[in-house]
Amino acid sequence: MMTRRTPVWNLRVILIFVWATLIAAALIAHGTKLSAKPVAHVPHKLYPNPRTSDPSTTAPTTMTIPGAVTGKVTRARMGGGCGLSLGGQVKPAPVGNCTVLEIGDSLGNDLGWGLLRQVPTGSGLHLIQLDKSDTGLAKPSFFDWPSHLALDLRKYKPQLVLICLGGNDQQGLVVNGSAAQFPSSTWKTAYVARVRQLVAEAVSSGAYVLWVGMPIMQQSSYSQGMQILNSIYQAVINTEPDTTFVPTWPLFSNPQGQFQANAMVNSHQEALRQPDGVHLSYVGENVEATYIIREMGLIYHVQLAPKDPQVITGWP
């Protein structure tokens with residue numbers, strides 16, 4: 001005779017239900033704590049990499065790359081035979097007869113050399129490269145950019161001033177006779193004033209200003225300083241008339257947003273940077289110049305394309 005066993009399945013179901021309820025309650029409580037926790041602020045995080053970003057989630061700008069900004073437009077068209085225009089949705093026009101004055105430090109030199117090779121022959125765009133290595137806005141006693149620019153503006157009368165500097169500006173400033181360390185609030189206030197002075201000088205002469213941002217660097221601390229400088233340039237340009245800031249940070253970072261010394265360019269593996277992890281290689285200069293010339297065409301509504309475009313494979 002078989003002994004009848006008391007069924008235990010209902011007891012197991014009850015225990016499982018109680019156990020699941022306790023776990024769910026714990027998770028809900030934990031989730032509430034996580035959602036209530038303030039999100040940490042990451043300072044100077046600039047323009048996400050367009051190769052990994054969803055454009056629909058990016059705040060609208062006047063340019064094609066996240067982080068590019070144009071200040072208030074007071075001069076819709078350049079005139080005088082130069083076809084550059086910042087006014088509205090204008091159908092691309094011939095460049096006409098335009099003089100572009102390009103100034104900066106050794107990284108500006110890299111850009112300028114690339115532009116000299118990439119500006120299309122017969123485009124009507126006349127490039128004057130006046131970079132000087134080891135210069136910046138931090139030490140006017142060595143090289144006073146506002147004073148030199150004032151002379152250059154009177155001499156060449158450009159319709160566009162291209163500025164690419166900042167590589168030497170992670171150093172202290174003398175403010176009212178006292179030392180201000182980078183990047184203290186006193187330092188930032190003084191440096192912002194110098195950036196505004198340079199930009200206002202060019203705009204007052206009747207030119208547009210295109211400020212090209214600093215690229216990502218191999219050394220992390222140096223790169224972090226560059227982000228601080230880029231954020232300053234971006235913020236100043238956003239409030240100045242007839243000026244545009246274009247970042248190069250995403251151009252020289254990999255899809256994860258990290259420094260990349262090499263990349264596939266026109267489907268060939270190439271070095272983008274010099275061994276110092278700062279300056280651009282010959283190909284890197286061409287890549288940057290290709291990008292900037294294309295942006296100039298979009299920004300100023302002119303028919304402008306690089307002579308021998310060199311593009312990182314996968315770049316939009």
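This is a guided walk through one protein chain, with a selection to make at each stop.

**The whole chain**

Start with everything shown as a cartoon, and keep in mind that this is a predicted model. You should find six helices and 12 strands in the protein chain. Colour by burial next: of the 316 residues, 48% count as buried. If you switch on a surface, the accessible area comes to about 16200 Å², and carbon and sulfur atoms own 59% of that. For contacts with a separation of 6 or more, residues 24 or more positions apart account for 72%.

**Stop 1: the cavity**

Rolling a probe the size of a water molecule over the atoms shows where empty space is left. Here, the structure holds one cavity of 30 Å³ or more, and the volume of the largest cavity is about 40 Å³. To see its walls, select Val100, Leu115, Val119, Leu125, Leu127, Leu162, Ile293, Met296 and Leu304. What classes of residue make up that lining? Nine are nonpolar, with no polar and no charged residues. Now colour strand E5 (125–129) and helix H6 (282–299), since each supplies at least two residues of the lining.

**Stop 2: helix H6**

Stay with H6 and show its side chains. The helix is mostly covered, with 15 of its 18 residues buried. Put a distance label on its two end C-alpha atoms: H6 reaches 25 Å, close to the 26 Å expected at 1.5 Å a residue. Step off the end of H6 and you get to histidine 301, where phi is positive, near 55 degrees.

Now go to the other side of H6, to the loop between strand E12 (268–271) and this helix, and pick proline 275. Is proline 275 buried or exposed? Its relative accessibility is 80%, and the cut-off for exposed is over 50%, so proline 275 counts as exposed. While you are there, add glutamine 218: the two C-alpha atoms are separated by 9.7 Å, with these positions 57 residues apart along the chain.

**Stop 3: glycine 104**

Select glycine 104, which sits in strand E4 (residues 98–104). Its relative accessibility is 0%, so glycine 104 counts as buried. What surrounds it? Leaving out residues up to four places away in sequence, glycine 104 touches Asp131, Lys132, Thr135, Trp145, Cys164 and Leu165. Add isoleucine 163 to the selection as well: glycine 104 and isoleucine 163 are 59 residues apart in sequence, yet 5.7 Å apart C-alpha to C-alpha.

**Stop 4: helix H3 and the residue after it**

Trp145, one of the contacts of glycine 104, takes you to helix H3 (residues 145–156). At 1.5 Å a residue, its 12 residues should span 16 Å, and the end C-alpha atoms are 16 Å apart, which agrees. Highlight the buried residues of H3: Trp145, Pro146, Leu149, Ala150, Asp152 and Leu153. Turn on their neighbours and you'll see this set pack against E4, strand E6 (160–164) and helix H4 (185–204).

Then click on lysine 157, in the loop between H3 and E6. Lysine 157 has a positive phi of about 50 degrees although it is not a glycine. For background, most residues other than glycine have a negative phi, and most peptide bonds are trans. Lysine 157 counts as exposed, because its relative accessibility is 58%.

**Stop 5: helix H4 and the cis proline**

Before you enter H4, pause at proline 183, in the loop between strand E8 (178–180) and this helix. Which form does the peptide bond from phenylalanine 182 to proline 183 take? That bond is cis, with omega near -5 degrees.

Moving on into H4, check its end-to-end distance: the helix has 20 residues and reaches 28 Å from its first C-alpha to its last, close to the 28 Å expected. Its buried residues include Trp187, Tyr191, Arg194, Leu198 and Val203. Past the end of H4, select glycine 206, where phi is positive, near 105 degrees.

**Last stop: asparagine 266**

Finish in the loop between strand E11 (262–265) and E12, where asparagine 266 lies. Phi of asparagine 266 is near 50 degrees, a positive value in a residue other than glycine. At 38% relative accessibility, asparagine 266 counts as partly exposed.

Technical notes
Residues are numbered from 1 along each chain as its sequence is written. This is a predicted model: local features need pLDDT of at least 70, side-chain atom pairs count only at pLDDT 80 or more; totals for chains, interfaces and linings use all residues. Side-chain values use heavy atoms; hydrogens and water are left out. Helices (H or I, at least four residues) and strands (E, at least two) are DSSP runs, numbered from the N terminus. Buried means under 20% relative accessible area, exposed over 50%, partly exposed in between (1.4 Å probe, protein chains only). Contact means heavy atoms within 4.5 Å. Accessible areas come from the Shrake-Rupley method with a 1.4 Å probe; for residues, only the protein chains shown count as cover. On a 1 Å grid over the protein atoms alone, a cavity is a set of points where a 1.4 Å probe fits but cannot get out, and a pocket is an open set with protein on both sides within 12 Å along at least five of seven lines; lining residues have an atom within 4 Å of a point. Grid points are joined across faces, edges and corners, and a volume is the space filled by probe spheres set on the points. Ala, Val, Leu, Ile, Met, Phe, Trp, Tyr, Cys and Pro count as nonpolar, Asp, Glu, Lys and Arg as charged, and the others, Gly among them, as polar. The expected span of a helix is 1.5 Å times one less than its number of residues.
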